[in-house]
Amino acid sequence: SSEGLSGDAEDLELYVRLATLTVRTAEASRSQDRDEILAKIPCISDFDAQLQIVIFGEHGLLNRHFVGFGVVEAAANIAR
């Protein structure tokens, strides 16, 4: 049914947003706060990698919700 496809599309969109999440795009009510927080992170790419582990890792927050979506992302990366 089209309802199932809509739900899958929403899950995929959310998965992609979470999989590409980076602290570089963080927002704060004051730009000085954002700059101070980012300045305290020694390596943003390492921080982002840890964030992905917290979200999707073996014991991550969403490791069961998005079962199989890693395959979709891998296929998309290969196709590029």
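**Salt bridges and helices in a predicted model**

Good morning. I begin with one pair of side chains: Arg34 and Asp35 form a salt bridge, with their closest N and O atoms 3.8 Å apart. Please keep in mind that the model on the screen is a predicted one. Both partners in this pair are partly exposed: the relative accessible area is 25% for Arg34 and 45% for Asp35.

How many salt bridges does the structure hold? There are three. As a general principle, side chains of opposite charge can pair when their charged atoms come close.

Another of these salt bridges is formed by Arg30 and Asp33, and here the closest N and O atoms lie 2.8 Å apart. Arg30 counts as partly exposed, at 43% relative accessibility. Asp33 is also partly exposed, with a relative accessible area of 25%.

I turn now to the salt bridge between the side chains of Asp48 and Arg24, where the distance from N to O is 3.8 Å. This pair links distant parts of the chain, for its two residues are 24 apart. Asp48 belongs to helix α3, which covers residues 44-56, whereas Arg24 sits in the loop between α1 (2-19) and α2 (31-39). Is Asp48 buried or exposed? Asp48 is buried, because its relative accessible area is 10% and the cut-off for buried is under 20%. Its partner Arg24, at 46% relative accessibility, counts as partly exposed.

Let us stay with the helix that carries Asp48. The buried residues of α3 are Ile44, Asp48, Gln52 and Ile55. Where on the helix do they fall? Seen down the axis of α3, they lie within an arc of 85°, and therefore they line one face of the helix. The length of α3 can be checked as well. With 1.5 Å for each residue, its 13 residues should span 18 Å, and the C-alpha atoms at its ends are indeed 18 Å apart, so the two values agree.

Finally, I place these details within the whole protein. The protein has four helices and zero strands, and from the N terminus on its elements run α-α-α-α. It comprises 80 residues, of which 19% are buried. If we take the contacts between residues at least 6 apart in sequence, 57% of them join residues at least 24 apart. The exposed area of the protein is about 6400 Å², and carbon and sulfur atoms supply 57% of that area.

Thank you for your attention.

Methods: Residues numbered from 1 in each chain as written. Predicted model: local features only at pLDDT ≥ 70, side-chain atom pairs only at ≥ 80, totals over all residues. Heavy atoms only, no water. Salt bridge = Lys/Arg side-chain N within 4 Å of Asp/Glu carboxyl O. Buried < 20%, exposed > 50% of the residue type's maximum accessible area, 1.4 Å probe, protein only. Expected span 1.5 Å × (residues − 1). Arc of directions from axis to C-beta. Contact = heavy atoms within 4.5 Å. Areas by Shrake-Rupley, 256 points an atom, 1.4 Å probe, with all protein chains shown as cover.
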